[in-house]
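Here are some exercises to try with the structure open in front of you. Have a go at each task before reading its solution.

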Amino acid sequence: QVQLVESGGGLVQAGGSLRLSCAASGRIFSINVMGWYRQAPGKQRELVAAITTDGITNYADSVKGRFTISRDNANDTVYLQMNSLAPEDTAVYYCSAGIRQYGTYYMNYWGKGTLVTVSS
């Protein structure tokens, strides 16, 4: 079974920083796009940032210049460095990855989420 496990969430004051990590485990043949999504209370889940195997990145306009996504392909891990956090960044952050197991096709997997709370 493939698992995505996030860590690094927590409570931080406005203007502060957090670094989220997400590690994929299981019988993984390859991973293509990895990304972070978030869902605030009462809102739909939205893309925060994504990164390809080659390091091409994509960011939501609301986080450009503040958040940085990166990945460690050797360890099947993706990171999200979040700086200058604001209360509107408060949400559950989910890791997502396109993963191909041995003998199968690519499928999209999700982590269980990690809560980020930014106090004003």
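**Exercise 1. Find the strand that holds Ser21, decide whether Ser21 is buried or exposed, and list what Ser21 touches.**

Step 1: Keep in mind that this is a predicted model. Ser21 sits in strand S3.

Step 2: Check the accessibility. Ser21 has a relative accessibility of 19%, and buried means under 20%, so Ser21 counts as buried.

Step 3: Look for contacts, skipping neighbours within four places in sequence. Ser21 is in contact with Val5, Glu6, Ser7, Trp36, Val78 and Tyr79.

**Exercise 2. Take Val78 from that list and describe where Val78 lies and what surrounds Val78.**

Step 1: Val78 belongs to strand S8.

Step 2: With a relative accessibility of 0%, Val78 counts as buried.

Step 3: Now for the contacts, again not counting residues up to four places away in sequence. Val78 touches Leu20, Ser21 and Cys22, and also Met34, Trp36, Ile51, Ile69, Ser70, Arg71 and Cys95.

Step 4: Try a distance, too. Ala50 is 28 residues from Val78 in sequence, and their C-alpha atoms are 9.4 Å apart in space.

**Exercise 3. Work out the order of the strands in the open sheet of 4 strands, and say which ones are at the edges.**

Step 1: Read across the sheet: the order is S1-S3-S8-S7, and the pairing is antiparallel.

Step 2: Pick out the strands that pair on one side only. These edge strands are S1 (residues 3-7) and S7.

Step 3: Zoom in on S3 and S8, which pair in the antiparallel sense over 6 bridges. For one bridge, start at Leu18 and cross to S8, where the partner is Met82.

Step 4: Compare directions. Ignoring which way they run, neighbouring strands of this sheet are turned by 15° against each other on average.

**Exercise 4. Find Gly16 and name the residues Gly16 contacts.**

Step 1: Gly16 is in the loop between strand S2 (10-13) and S3.

Step 2: Despite that loop position, Gly16 is buried, with a relative accessible area of 18%.

Step 3: Beyond its neighbours within four places in sequence, Gly16 is in contact with Met82, Asn83, Ser84 and Leu85.

Step 4: For a distance, try Thr68. The C-alpha atoms of Gly16 and Thr68 are separated by 14 Å, and the two residues are 52 apart along the chain.

**Exercise 5. Hunt for disulfides: how many are there, and which parts of the chain are tied together?**

Step 1: Recall that a disulfide is a covalent bond between the sulfur atoms of two cysteines.

Step 2: Searching the whole structure turns up 1 disulfide. The bond joins Cys22 to Cys95, with an S to S distance of 2.1 Å.

Step 3: Place the two ends. Cys22 is in strand S3 (residues 18-25) and Cys95 in strand S9 (residues 91-101), so the pair ties together parts 73 residues apart in sequence.

Step 4: Look at the twist. The torsion about the S-S bond is about -80°, so the disulfide is left-handed.

Step 5: Check both ends for burial. Cys22 is buried at a relative accessible area of 0%, and Cys95 is buried at 0% as well.

**Exercise 6. Identify the residues of the largest nonpolar core that touch the most other members, and the strand that supplies the largest share.**

Step 1: This core has 31 residues, and those touching the most other members are Trp36, Leu80, Met82, Tyr93 and Ile99.

Step 2: Trace where the members come from. Strands that each supply at least two residues include S3, S4 (28-39), S8 (77-82) and S9.

Step 3: The largest share, 5 residues, comes from S9.

**Exercise 7. Count the salt bridges and trace the network.**

Step 1: The count comes to 4 salt bridges.

Step 2: Start with Glu46 and Arg38, whose closest N and O atoms are 2.7 Å apart. Glu46 is partly exposed at 35% relative accessibility, while Arg38 is buried at 6%.

Step 3: Go on to Arg66 and Asp89, whose side chains meet at 2.7 Å, N to O. This pair links distant parts of the chain: Arg66 is in the loop between strand S6 (57-59) and S7, and Asp89 is in the loop between S8 and S9, 23 residues apart.

Step 4: Check that pair for burial. Arg66 counts as buried at 18% relative accessibility, and Asp89 is buried at 0% relative accessible area.

Step 5: Put the pieces together: Arg38, Glu46, Arg66 and Asp89 are linked in a network of salt bridges.

Technical notes:
Residues numbered from 1 in each chain as written. Predicted model: local features only at pLDDT ≥ 70, side-chain atom pairs only at ≥ 80, totals over all residues. Heavy atoms only, no water. Disulfide = S-S within 2.5 Å. Buried < 20%, exposed > 50% of the residue type's maximum accessible area, 1.4 Å probe, protein only. Core = buried A, V, L, I, M, F, W, Y, C linked by side-chain atoms within 4.5 Å. Contact = heavy atoms within 4.5 Å. Pairing = 2+ DSSP bridges. Axes fitted to C-alpha atoms, helices over the stretch in contact; angles between N-to-C directions.
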